[in-house]
Amino acid sequence: MSSTIGDLGEFGLIARLTARFPHTDDVILGPGDDAAVVRAPDRRVVATTDMLVEGRHFRRDWSGPRDVGHKAAAQNLADVAAMGARPTALLLGLAAPADLPTRWVEEFGDGLQAECAVAGAAVVGGDTVRSDSLTVSITALGDLRGGRAVRRDGAAPGDVVAVAGDLGLSAAGLALLRAGRAEREDACLAAHRRPAPPYAAGPRAAELGATAMLDVSDGLVQDLGHIAAASAVRVALRRGALRVPPALAEAVGLLNRIGATGRDPVDFMLAGGEDHALAATFPPDVALPAEWTVIGRIDEGEGVALDGAPAEAAGWDHFS
């Protein structure tokens, strides 16, 4: 039994990983050739890519390999859903040191595959390379199924703003980890380690007539600022419409008691990222299902406002 991927070798590593990835009906040809072949019945393909770098996006002492696999898949598959598409396939790029335990890679692959199964996608190929640092690169594909892609530039004055999925949990989970509370059985820690995007809500929003949509990865205010800029409108949020998840209130209460933060739970909802909830705008006459919560409206103007005042665009920026 090879204890590290260096012992296993490149082709042994590829064989060990690909054996863990079953196909779906979307896959005509999976791993093993120069490229995969994936069905595209719509004749359009939604494509997105993202990277996770150890020390920047995850720490192995805070997240297990399955957690990293789930997170790597989720943050890309959520982007596909945010376009109104159904996720179909995922490509993996893995750069890793030769002394990385084989077991770590196997469990990472299991997490990747498990998250793909939730979204209905399959891992169809990728690449591996030796590196001094551990980096995961994911490319995800999706199918619009004859529908329209929901972009960021379609919001219009009078539309309502709504979210599907929880906000603020991942950021609170990260704060708990930084405060040395990694041992807690906590929904916020779970959300940080394994985001749970509402994949099906994206295509359903497109069918309902969503005018703009995106995945909340860098903070609600910051991400809604992209819709405001692309659509040349003002996003007017209501603080009182933001429903604080009980787990978030509990975690922030603990953080405040131990002096790790002096913030309000809503602050985490406005500025925290990596929950991969969906935010969308809809015509005001659309009857939204229970998975969507209306949190504001679209007005004439620019930027993002909270209760009538400009909202600070706090959130994640890799280069700030």
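**Exercise 1.** In this predicted model, determine how helix 5 and helix 9 are oriented to each other, and state which residues make the contact.

*Solution.* Begin with the geometry: helix 5 and helix 9 (residues 246–257) pack at an angle of about 30 degrees, and their axes are 10 Å apart. Since angles under 35 degrees count as roughly parallel, helix 5 and helix 9 are therefore roughly parallel to each other. The handedness comes next, and the crossing of the two helices is left-handed. Turning to the residues, helix 5 contributes Leu 169, Ala 172, Ala 175 and Leu 176, while helix 9 contributes Ala 247, Leu 248, Ala 251, Leu 254 and Leu 255. Sorted by character, the residues of this contact comprise nine nonpolar, no polar and no charged.

**Exercise 2.** Identify which residues of the largest nonpolar core touch the most other members, and which helix gives the most to this core.

*Solution.* The core has 42 residues, of which Leu 220, Leu 224, Val 235, Leu 237, Phe 268, Leu 270 and Ile 295 touch the most other members. Helix 5 (residues 169–178) gives the most, with six residues. A second, separate core holds 35 residues, among them Leu 17, Ala 72, Ala 81 and Val 105. To follow one member of the largest core, take Leu 237: leaving aside neighbours within four places in sequence, its contacts include Val 161, Leu 220, Leu 270, Ile 295 and Leu 306.

**Exercise 3.** Decide whether His 23 is buried, partly exposed or exposed.

*Solution.* First locate His 23, which lies in the loop between helix 2 (10–18) and strand 1 (27–29). Its relative accessibility is 46%, so His 23 counts as partly exposed. Not counting residues up to four places away in sequence, His 23 touches Gly 30, Pro 31 and Ala 122.

Definitions and conventions:
Residues numbered from 1 in each chain as written. Predicted model: local features only at pLDDT ≥ 70, side-chain atom pairs only at ≥ 80, totals over all residues. Heavy atoms only, no water. Core = buried A, V, L, I, M, F, W, Y, C linked by side-chain atoms within 4.5 Å. Buried < 20%, exposed > 50% of the residue type's maximum accessible area, 1.4 Å probe, protein only. Helix = DSSP H or I, 4+ residues; strand = E, 2+ residues; numbered from the N terminus. Contact = heavy atoms within 4.5 Å. Axes fitted to C-alpha atoms, helices over the stretch in contact; angles between N-to-C directions. Parallel < 35°, antiparallel > 145°, perpendicular 65-115°, else oblique. Left-handed = near helix turned anticlockwise from the far one by under 90°. Nonpolar A, V, L, I, M, F, W, Y, C, P; charged D, E, K, R; others polar.
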